[in-house]
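Q: Pick one part of this structure and take me through it closely, please. After that, carry on to the other parts you would point out at the bench.

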Amino acid sequence: MVQKYQSPVRIYKYPFELVMAAYEKRFPTCPQIPVFLGSEVLRESRSADGAVHVVERSCRLRVEAPRLLRKIAGVEHVVFVQRNVLNWRERTLLIEAHNETFASRVMVNENCSYTVHPENEEWTCFEQSASLDIRSFFGFESALEKLAMKQYTANVKRGKEVIEHYLNELISQGTSHIPRWTPAPVREEDARSQAGPRDPGALEADRPCSAPGPAPETVITDGDKLDADYIERYLGHLTPVQESCLIQLRRWLQETHKGKIPKDEHILRFLRARDFHLDKAREMLCQSLSWRKQHQVDLLLQTWRPPALLEEFYAGGWHYQDIDGRPLYILRLGHMDTKGLMKAVGEEALLKHVLSVNEEGQKRCEGNTKQFGRPISSWTCLVDLEGLNMRHLWRPGVKALLRMIEVVEDNYPETLGRLLIVRAPRVFPVLWTLISPFINENTRQKFLIYSGSNYQGPGGLVDYLDRDVIPDFLGGDCVCNVPEGGLVPKSLYLMEEEQEHTDQLRQWRETYQSASVLRGAPHEVAVEILEGESVITWDFDILRGDVVFSLYHSKQVPKPGPQEPGAGAGGQLTDKGWVLGVDYSRVEAPLVCREGESIQGSHVTRWPGIYLLQWQMHSPPGNVACSLPGVEDVLTALHSPGPKCKLLYYYEVLASEDFRGSMSSLESCTSGFSQLSATTSSSSGHSHSSPLVSR
């Protein structure tokens, strides 16, 4: 496989003639480059008017390789042949070099050029490209490729330093200006002799335009060049190989992509996301460009206007910048009714809003780069989780969140510089367990999580934000204008036909199971727990009637009883013979759930066995069932025309080894939904759940 490298354009702020004088001082030896052992001129010719000077040299370089490799190869130095074509009239120097040593096994081709800066004729540009084709090398092909990359990096870095060294030497010796070349007067007899036959070598030298330049695959068009100073100023420090990857991918886009070429900052993000693996980055970038074109993302900031409901209830917004100059985005997730927003505006509108935030983030990074005079390519996100609870784990909402994470990871890589999570409550480990596998490892390493008040004081937010930027609701002095969120009124929810249109109702029905609860005939679901510490999570909506929800534990497997015709899995699983406290025990106090309510909760299990989630029809106070109904009661209920309660439910078991958070913190901490919901506390001192109800 042929490896290709391309340097950006290096600029010497000196005239071409002075740079050429410095370049010539590199020969025949160059102490500043220890591996350069020396050179000798093989051939040399000049054009009749002296405008073109062609020199061919043999250059010896010491092999920078492990002793074993040098011993196997049987050489201590390698020979390169370098051909220079200096055109004083055009003010260009074209350099072509290739190896003679091991040419049958390894082919190295290098092309360099010195040219006048297109916008300032008193400056000189230098650029360099190389290709490496390792055919066979005693089984050390991979090692040789790494050595070659290391050598290329060192040469690029040292090349400019050497020229600048000799420029400074010339200036210190009093040579700060060299006049430009002018043609010498041609006598009449010389003109007549030049009209006759010429030496072939001289003819070649007199035709600079036909002199070999860079190989076809390394030719660069003017619109394709990147200046090294520009890279340092706007993109940040890159190694020569990273610079080469950027230039190669940019050139490939210019040659093949039909449409707007993304900015260099944009291309660089994809290279970083794929560790500068050129083919992988190209594939990822092409897929993203296709996605942007399909969804008109380039026009999003001009065309997208969030609905008024989003502007009022979406608790997120931009807020100055962090101490590194990154734009700062604040998201008060714990105060946001994610379920209500999903039901009121739909998943697509939320996704479009998230995309607009990312587009705005890129725009702000460009502005901060200009403002602070240094490359800023990512932003910081501060997430306040005060009020986060099980309502935020509404399963369709989590699925929508995972989809948004996937879209952002695929199309906005390396845009998140830091994520500060503060006031993480007890349910955060559950959310983290669900979403963290879908977040890129590089992104996860940028997360800083603070529980309780740990974000205050040294080691907290003051390490990343100036004190006068910390929001007032986190103890700072800065007034934050980010919306506070709030509970979305159900009157604003989309109608069912609108949900069907957006394909959301179908997805929600696929996620949730439906159940009917008759008087005396509860609906029960058995959950088998194989290890002591697991987390059972539940989420259900009461569509009709009032029910009582309870959670029981049993060491024995219940035998299913009669079920309502057409009912799904569940129904009543226990019989009247069971004795509370003997055959089973209650691990969650009964929770009364009213019609129209949405309930979320979790329970950290203490023992293995069978756990029963039970919904039964609510009876007047004093008659709440504390024992399980018998078969006769169930049969009576099934054949009686009495009232029926209906609900949609979803449950999930999260094993302890899946947790990236702490099980102990999940047990010990408390959670609330701020002003958005009422928390029903358990009367059981041994309960580790937090069922929440939102009306």
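A: Let's start with strand β12 (residues 416–424), which pairs with β13 in the parallel sense over four bridges. Pairing here takes at least two DSSP bridges between two strands, while the strands (E, at least two residues) and helices (H or I, at least four) are DSSP runs numbered from the N terminus. If you want a spot to click on, Leu420 sits opposite Leu448 in β13.

Before going on, keep in mind that this is a predicted model, where local features need pLDDT of at least 70 and side-chain atom pairs count only at pLDDT 80 or more, though totals for chains, interfaces and linings use all residues. Numbering runs from 1 along each chain as its sequence is written, and side-chain values use heavy atoms, leaving out hydrogens and water.

Now zoom out from that pair of strands. β12 and β13 belong to an open sheet of five strands, laid out as β9-β10-β11-β12-β13, with mixed pairing. At its edges are β9 (316–321) and β13 (447–451), each of which pairs on one side only. From one strand to the next, the twist averages 20 degrees; angles run from 0 to 180 degrees between N-to-C directions, and axes are lines fitted to C-alpha atoms, for helices over the stretch in contact.

Helix α13 (residues 347–372) lies across three of these strands, namely β9, β10 (327–331) and β11 (379–384), and runs at about 10 degrees to β9. One residue to look up in helix α13 is Lys370. Lys370 counts as exposed because its relative accessibility is 63%; the cut-offs are buried under 20% relative accessible area, exposed over 50% and partly exposed in between, with a 1.4 Å probe and protein chains only. Along the chain Lys370 is 137 residues away from Arg233, yet their C-alpha atoms are separated by 9.5 Å.

The charged pairs come next. The whole structure holds 30 salt bridges, each one a side-chain nitrogen of Lys or Arg within 4 Å of a carboxyl oxygen of Asp or Glu. Asp324 and Arg326 make one of them, at 3.5 Å from N to O. Asp324 is partly exposed, at 33% relative accessible area, whereas Arg326 comes in at 19% and is therefore buried. That pair isn't on its own, since shared partners join Asp322, Asp324, Arg326 and Arg418 into one salt-bridge network.

Another salt bridge to pull up is Arg91 with Glu17, whose side chains meet at 3.0 Å, N to O. Glu17 sits in helix α1 (residues 16–24) and Arg91 in the loop between β5 (77–87) and β6 (92–99), so the bridge ties together parts that lie 74 residues apart in sequence. Both of these partners are buried. That goes along with the rest of α1, a mostly covered helix with seven of its nine residues buried. The buried set in α1 is Phe16, Glu17, Leu18, Val19, Met20, Ala22 and Tyr23.

Arg292 and Asp298 form a salt bridge too, with 2.8 Å between the closest N and O atoms. Here Arg292 is buried at 7% relative accessibility, while Asp298, at 43%, is partly exposed.

Over to the helix pairs. Helix α9 (residues 278–294) packs with helix α14 (residues 395–411) at an angle of about 120 degrees, their axes being 9 Å apart. On the α9 side, Met284, Ser288 and Trp291 make the contact, and α14 answers with Val407, Glu409, Asp410 and Asn411; contact is heavy atoms within 4.5 Å. Helices α7 (residues 240–256) and α8 (residues 264–273) pack as well, at about 115 degrees with 10 Å between their axes. From α7 come Cys245, Leu246, Leu249, Arg250 and Leu253, meeting Asp264, Ile267, Leu268 and Leu271 in α8.

Last stop: strand β16 (residues 534–544). This strand is mostly covered, as nine of its 11 residues are buried. β16 runs antiparallel to strand β21 (residues 644–655), and 10 bridges join the two; Thr537, for instance, has Glu652 as its bridge partner in β21. β16 is also antiparallel to strand β19 (residues 598–604), this time through seven bridges, and there Asp541 stands opposite Ser598.
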